[in-house]
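Work through the following exercises with the sequence and the model open beside you, and attempt each task before reading its solution.

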Amino acid sequence: MTSVDASPATGTALRFPPGFRWGTATAAYQIEGAAALDGRTPSIWDTFSHTPGKVLGGDTGDTAADHYHRMAEDVGLMKRLGVSDYRFSVAWPRVQPTGRGPAVQRGLDFYRRLVDALLEAGIRPVATLYHWDLPQELEDSGGWPCRDTAERFAEYAGLVAGALGDRVASWTTFNEPWCAAFLGYASGVHAPGRTEPEAALRAAHHFNLAHGLGVRALRAALPRSAEVSLTLNLHAVRSLTDSAADRDAARRIDAVGNRIFLDPVFHGRLPRDLVRDTAALTDWSFVRDGDLAAASEPIDWLGLNYYSPTVVAAAEPGPPGTEASPWPGAEGRVRFLPAPGPRTAMDWPVDADGLYELLTRLRDELPGVPLLITENGAAYADCPDARGAVHDPERIAYLRGHLASVHRAIEDGTDVRGYFVWSLLDNFEWAYGYSKRFGIVHVDFATQRRTPKDSARWYAEVIARGGLAP
Ligand code: FCB
């Protein structure tokens with residue numbers, strides 16, 4: 001393999017601790033395709049993507065990266081990368097199509113084959129149970145704002161763990177409940193596309209509850225040695241100035257963006273300021289006795305997904321915005337500002353310090369909780385050259401900068417156990433469809449041809465070296 005390193009020399013090599021887990025991540029709906037095969041029924045994302053105007057270009061996950069049929073090739077790609085871990089998600093409507101009742105063996109068989117191929121390749125499977133694809137039937141009965149969905153999730157978690165627990169030792173209940181609750185039910189830019197702020201707060205609570213009930217179901221079905229975790233997309237919130245008003249704006253976003261999950265899950269309580277901020281929307285009486293105790297079932301590690309920081313200031317007086325906000329309780333009070341500096345194709349600022357800030361905050365606030373970066377990466381407008389090669393120096397620089405931040409956090413006493421690049425493959429990027437490419441492997445969606453980008457070769461070298469070259 002040729003050596004590729006797009007960043008300026010930093011002088012010293014950055015070695016990661018022995019046993020550090022190097023991985024890649026994907027999600028079922030973004031790569032699998034085979035949407036109607038082997039008993040799978042529609043999820044909220046099938047319905048949403050097939051609704052005109054919801055996804056850019058009218059793209060859907062019907063075929064996606066066809067991973068359902070190309071799984072063996074994709075595991076082969078990872079083997080060549082040398083990853084120790086692979087984080088994938090299980091599609092609920094593939095294994096329990098209506099969200100109730102017995103599991104469909106053909107659906108489970110796909111994941112059995114995947115896991116067997118991974119183990120054969122020496123790669124540790126890390127299974128996420130929910131990466132946003134709720135069976136449509138459960139949404140039709142109320143979705144996440146409805147308490148029953150949390151109970152259904154726990155049952156589903158138990159089914160999958162019962163079927164795969166003999167070969168999967170690392171489990172995650174949810175991926176980014178913030179996005180699922182607030183982009184799905186408040187701003188409506190994600191499935192199921194509802195714009196009901198009170199329902200979004202209910203959904204957030206039911207994610208916490210479902211997480212805790214799911215942890216119990218997993219522990220009951222898995223050997224004691226199995227790891228159980230949760231992945232959050234915590235926001236690195238910065239206030240524009242040190243003024244009391246700007247700091248209060250940051251506090252508000254921290255409450256409804258971060259502590260709404262961290263407090264129930266790690267401390268068994270609701271943030272008081274969140275309850276106050278949202279008092280005009282709800283009295284939180286949907287939180288029942290015992291819910292917060294369930295939500296705070298101990299877990300083995302916390303997964304952190306990080307892409308870019310969030311800069312806020314107090315809102316300026318004026319008429320409220322017309323777009324539905326994903327921040328219940330903060331409407332008309334908080335203004336979001338573009339962070340300075342370079343941007344990715346998502347228009348997200350590149351700022352590796354935000355990752356360091358979050359990691360060291362978690363070090364201080366959650367002592368004893370190991371951390372894994374379960375997603376980090378960047379979209380760029382990658383294009384194969386005449387010879388079919390994909391040069392992506394910006395992605396290499398992004399990954400390198402963020403890995404340096406992780407290394408700095410470890411040096412400063414943070415217990416970070418691993419790092420997973422988002423993503424192995426170019427894929428269906430939710431509301432952006434196929435227009436945004438996050439993969440370190442390029443996918444030509446017309447032919448499904450996979451081409452490792454320069455960043456894939458660079459990542460393989462990082463893994464082989466156990467860190468960053470000087
Ligand atoms: C995260 C999602 C993941 C992917 C990246 C870019 O919010 O978990 O599926 O879309 O963003």
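**Exercise 1.** Determine which oxygen-directed polar approaches to the ligand are made by the side chains of His 131, Gln 30 and Trp 430.

Solution. Begin with His 131, which places a polar side-chain atom 2.8 Å from an oxygen atom of the ligand, within the limit for a polar contact (a pair of N or O atoms within 3.5 Å). Next, Gln 30 brings a polar side-chain atom to 2.7 Å from a ligand oxygen, and an N or O atom in the side chain of Trp 430 lies 2.9 Å from an oxygen atom of the ligand. Finally, turn to the surface: the ligand taken alone exposes 290 Å², of which the protein buries 94%, the areas coming from the Shrake-Rupley method with a 1.4 Å probe.

This is a predicted model, in which local features need pLDDT of at least 70 and side-chain atom pairs count only at pLDDT 80 or more, while totals for chains, interfaces and linings use all residues. Residues are numbered from 1 along each chain as its sequence is written, and side-chain values use heavy atoms, with hydrogens and water left out.

**Exercise 2.** Describe the setting of Asp 85, including whether this residue is buried or exposed.

Solution. First locate Asp 85 in strand β3, residues 85–89 (strands are DSSP E runs of at least two residues, numbered from the N terminus). Its relative accessibility is 0%, so Asp 85 counts as buried (under 20% relative accessible area, 1.4 Å probe, protein chains only). Then examine its side chain, which makes polar contacts with the side chains of Arg 21 at 2.9 Å and Ser 84 at 2.7 Å; within protein, one atom must be able to donate a hydrogen and the other to accept it, and residues adjacent in sequence count only if both atoms are side-chain atoms.

Methods
Buried < 20%, exposed > 50% of the residue type's maximum accessible area, 1.4 Å probe, protein only.
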